[in-house]
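Subject: The structure for you to look at

Hi there,

Here is the structure I promised you. Have it open while you read, and turn it around as you go through my notes below.

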Amino acid sequence: MDISTFISLLGGLGLFLFGMKLMSDGLEQVAGARMRSILEFFTQNRFVGMMVGLIFTGIIQSSNATTVMVVSFVNSGLMQLYQATGVILGANIGTTVTGQLIAFNLAEIAPLFVIIGAVMHMFFKNPNVKKIGVVLLGFGILFMGLSTMGEKMTSLQDSPRAVNLLQSISSPVVAILLGFVVTAVLQSSSASVGIIMLMAAQGLLAFKICFFLILGCNMGCCISAVLVSLNGNKDAKRAAGIHVLFNVIGSAIVFIILMAALDPVAELFLKTSGYDLSRAVANANTFIKVFQVILLFPFMDWIVKLTYVFIPGEDSVPEEAYKLKYIGSRKSLSPATAVIDAIHEMKHMGEIAKENLQRSMEVLCNPDREKIEKVYEQEEYIDYLNQEIMDYLTQANSLELPMSDGKILGGLFHVVNDIERIGDHAENFADSAKRRLEKEIPFTEKALKQMQEMTEMVLRQLDYAFEMFSNQTLDHMREILRLENAVDEKEKRLRKAHIKRLTKGKCTPEAGVLYSEVISGLERVGDHATNIAFALRPENQEGIEDFEDLEEEEE
């Protein structure tokens with residue numbers, strides 16, 4: 001094989017891998033967020049979860065994306081470990097769809113897909129049309145890459161050295177290791193199987209050895225999920241472990257069967273595939289996956305329990321430790337789960353900010369030096385979360401996100417800022433508590449009661465806001481807006497009452513300044529809560545204005 005043939009082979013492989021990545025990413029952007037919602041909803045039943053995983057993976061053409069998403073969901077608490085098993089099983093079958101498509105050998109019409117996809121992506125303004133264009137473009141490039149490799153592999157048949165090298169792969173163990181390594185490097189079992197299909201069709205690989213190469217590919221595809229889980233919690237690691245154990249145990253069982261009856265099994269697949277070697281490899285890949293699922297489905301509870309043996313114990317993070325709860329390493333950031341993980345981390349940050357706000361108001365009413373320091377400590381934690389989440393969102397902004405996620409990403413930056421400002425107000429209240437403690441500034445019982453009442457209103461508003469934000473609904477729109485108006489009115493009334501106390505000499509000037517700062521700060525916290533509630537729903541602002549008009553008419 002001369003150097004030009006080798007370079008052409010690499011070029012064809014590059015086109016094939018790029019086309020597959022382009023098609024997978026495009027499909028994920030078109031359907032990712034919608035399918036993700038389905039994935040979250042329909043996983044209570046393991047069999048239904050398996051069907052959803054199968055369909056989802058068949059659509060986006062990537063079991064890696066599905067399993068990475070599942071690991072992220074488990075890490076963020078969206079999915080329980082036992083729910084994840086069904087989706088992982090379905091993903092193992094769904095990934096074989098790519099091989100079946102490749103077996104149709106659409107190389108002759110691939111350029112048509114390329115030109116149609118390019119026109120749709122370049123000349124149409126509709127985002128949906130552009131994304132579908134990317135899918136078609138990737139599909140066409142994939143088959144053009146296959147065609148290029150196929151043409152150049154033909155010349156390998158004239159090279160005795162190359163033929164002897166490839167056909168010398170006769171050891172099942174060596175074939176499994178080779179399939180594992182290639183898939184781990186390419187990060188795609190579909191791509192590896194596609195290459196095996198092409199080489200088998202060219203007569204460069206003995207059909208029987210393809211079974212063992214496929215087993216290696218099945219295990220190599222676990223690497224992506226394992227890498228993503230490394231920075232997750234123990235349940236995320238166990239979810240990746242389920243994927244590994246399923247593929248390893250399933251492959252071991254198939255290996256034993258093949259070693260006992262390889263000849264009749266190979267002949268059966270060749271005969272049922274019309275002696276089309278490419279189709280026979282695709283069918284073998286599909287059958288192995290389906291067989292493994294049928295065989296191991298009843299024993300998945302045991303496999304889950306086995307992960308607890310390899311990954312024992314529970315997560316134990318010291319309370320004072322600064323650590324993200326839902327966002328893993330930014331090196332393993334997944335476009336499919338980046339936004340939803342960020343939302344959950346931001347809700348976590350919001351809950352800490354709300355608790356710190358409540359703590360700061362309690363310590364303001366009943367000054368205690370130790371509790372004041374606790375407020376400052378939590379504020380440092382909030383600042384840490386703010387910086388980490390902002391960095392994470394900045395990196396997510398550079399990804400090709402699903403369309404619906406891309407639309408709300410900008411709103412997330414605003415929400416992080418609003419939550420951080422709530423934390424700043426809690427710190428300000430702690431400063432006021434410190435001044436009150438050091439200078440022995442008194443508050444009247446009535447002033448304390450009024451601040452506590454206003455605090456309760458604002459805390460209730462924050463509860464509704466975080467629920468609307470994390471669930472992306474308008475379920476509590478009326479309550480939020482009523483509380484927003486009520487807090488504004490409360491602040492006005494308290495300010496008037498405060499002025500009366502000052503004029504009657506019932507309040508010292510120092511206490512008056514602190515009181516004014518506190519009620520103004522609480523009112524601004526209420527404004528931040530409203531911002532958070534509607535940050536991801538800018539299209540509903542018109543509806544909100546209509547509701548406010550209706551409220552005025554009712555009054």
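Let's begin on the outside. Ile109, Leu112, Ile115, Ile116, Val119, Met122, Phe123 and Phe124 make up a nonpolar patch on the surface, and together they have about 780 Å² of accessible area. One of these residues, leucine 112, sits in helix α6, which covers residues 110–123. Please keep in mind that this is a predicted model.

**Two helices to trace**

Try following helix α17 from end to end. It runs over residues 369–396, 28 residues in total, and spans 41 Å from its first C-alpha to its last. That is close to the 40 Å expected at 1.5 Å a residue. At its N-terminal end you will find a cap, aspartate 368. A side-chain oxygen of this aspartate lies 3.0 Å from the backbone nitrogen of glutamate 370.

Then compare your view with helix α21, residues 509–534. α21 has 26 residues and reaches 38 Å between its first and last C-alpha, close to the expected 38 Å. How many of the 26 residues of α21 are buried? The count is 19, so α21 is largely enclosed by the rest of the structure.

**Salt bridges**

Side chains of opposite charge can pair when their charged atoms come close. The structure holds eight such salt bridges, and here are some that you can look up.

Aspartate 263 pairs with lysine 208, and their closest N and O atoms are 2.4 Å apart. Aspartate 263 belongs to helix α13 and lysine 208 to helix α11 (residues 207–220), so this pair ties together parts that are 55 residues apart in sequence. Both ends are partly exposed: aspartate 263 has a relative accessibility of 47%, and lysine 208 has 38%.

Another salt bridge joins glutamate 517 and arginine 435, at 3.4 Å from N to O. This pair links distant parts of the chain, since glutamate 517 is in α21 and arginine 435 is in helix α18, 82 residues apart. Glutamate 517 counts as partly exposed at 36% relative accessibility, and arginine 435 is partly exposed too, at 32%.

A further salt bridge brings together lysine 490 and glutamate 453, with 2.8 Å from N to O. Here the link is between helix α20 (residues 477–503), which holds lysine 490, and helix α19, which holds glutamate 453; the two residues are 37 apart in sequence. Is lysine 490 buried or exposed? Lysine 490 is buried, with a relative accessible area of 11%, whereas glutamate 453 is partly exposed at 33%.

**Cysteines without a bond**

You may wonder how many disulfides there are. The count comes to zero. Why do cysteine 217 and cysteine 221 not form one? Their sulfurs are 8.6 Å apart, which is too far for a bond, although cysteine 221 has the closest cysteine sulfur to that of cysteine 217. For cysteine 221, the closest cysteine sulfur is in cysteine 222, at 4.6 Å, and this is also too far for a bond. For reference, a disulfide needs the two sulfur atoms within 2.5 Å. Cysteine 217 is buried at 1% relative accessibility, and cysteine 221 is buried at 2%.

**Two loop residues with a positive phi**

Next, look at two of the loops. Tyrosine 275 has a positive phi of about 60 degrees although it is not a glycine. You will find tyrosine 275 in the loop between α13 (234–272) and α14 (277–296). Glutamate 440 is not a glycine either, and it has a positive phi of about 55 degrees. The loop that holds glutamate 440 lies between α18 (403–439) and α19 (445–471). Glutamate 440 counts as exposed, with a relative accessibility of 69%.

**One last residue**

Finally, find alanine 280 in helix α14. Alanine 280 is buried, with a relative accessible area of 0%. Which distance separates alanine 280 from alanine 200 in space? From C-alpha to C-alpha it is 9.4 Å, while in sequence the two alanines are 80 residues apart.

Enjoy exploring, and write back with any questions.

Best wishes

Terms used
Residues are numbered from 1 along each chain as its sequence is written. This is a predicted model: local features need pLDDT of at least 70, side-chain atom pairs count only at pLDDT 80 or more; totals for chains, interfaces and linings use all residues. Side-chain values use heavy atoms; hydrogens and water are left out. Helices (H or I, at least four residues) and strands (E, at least two) are DSSP runs, numbered from the N terminus. The expected span of a helix is 1.5 Å times one less than its number of residues. A polar contact is a pair of N or O atoms within 3.5 Å; within protein, one must be able to donate a hydrogen and the other to accept it, and residues adjacent in sequence count only if both atoms are side-chain atoms. Patches are made of residues with over 30% relative accessible area and no salt bridge: like charges are joined within 9 Å, nonpolar side chains (Val, Leu, Ile, Met, Phe, Trp, Tyr) within 5 Å. Accessible areas come from the Shrake-Rupley method with a 1.4 Å probe; for residues, only the protein chains shown count as cover. A salt bridge is a side-chain nitrogen of Lys or Arg within 4 Å of a carboxyl oxygen of Asp or Glu. Buried means under 20% relative accessible area, exposed over 50%, partly exposed in between (1.4 Å probe, protein chains only).
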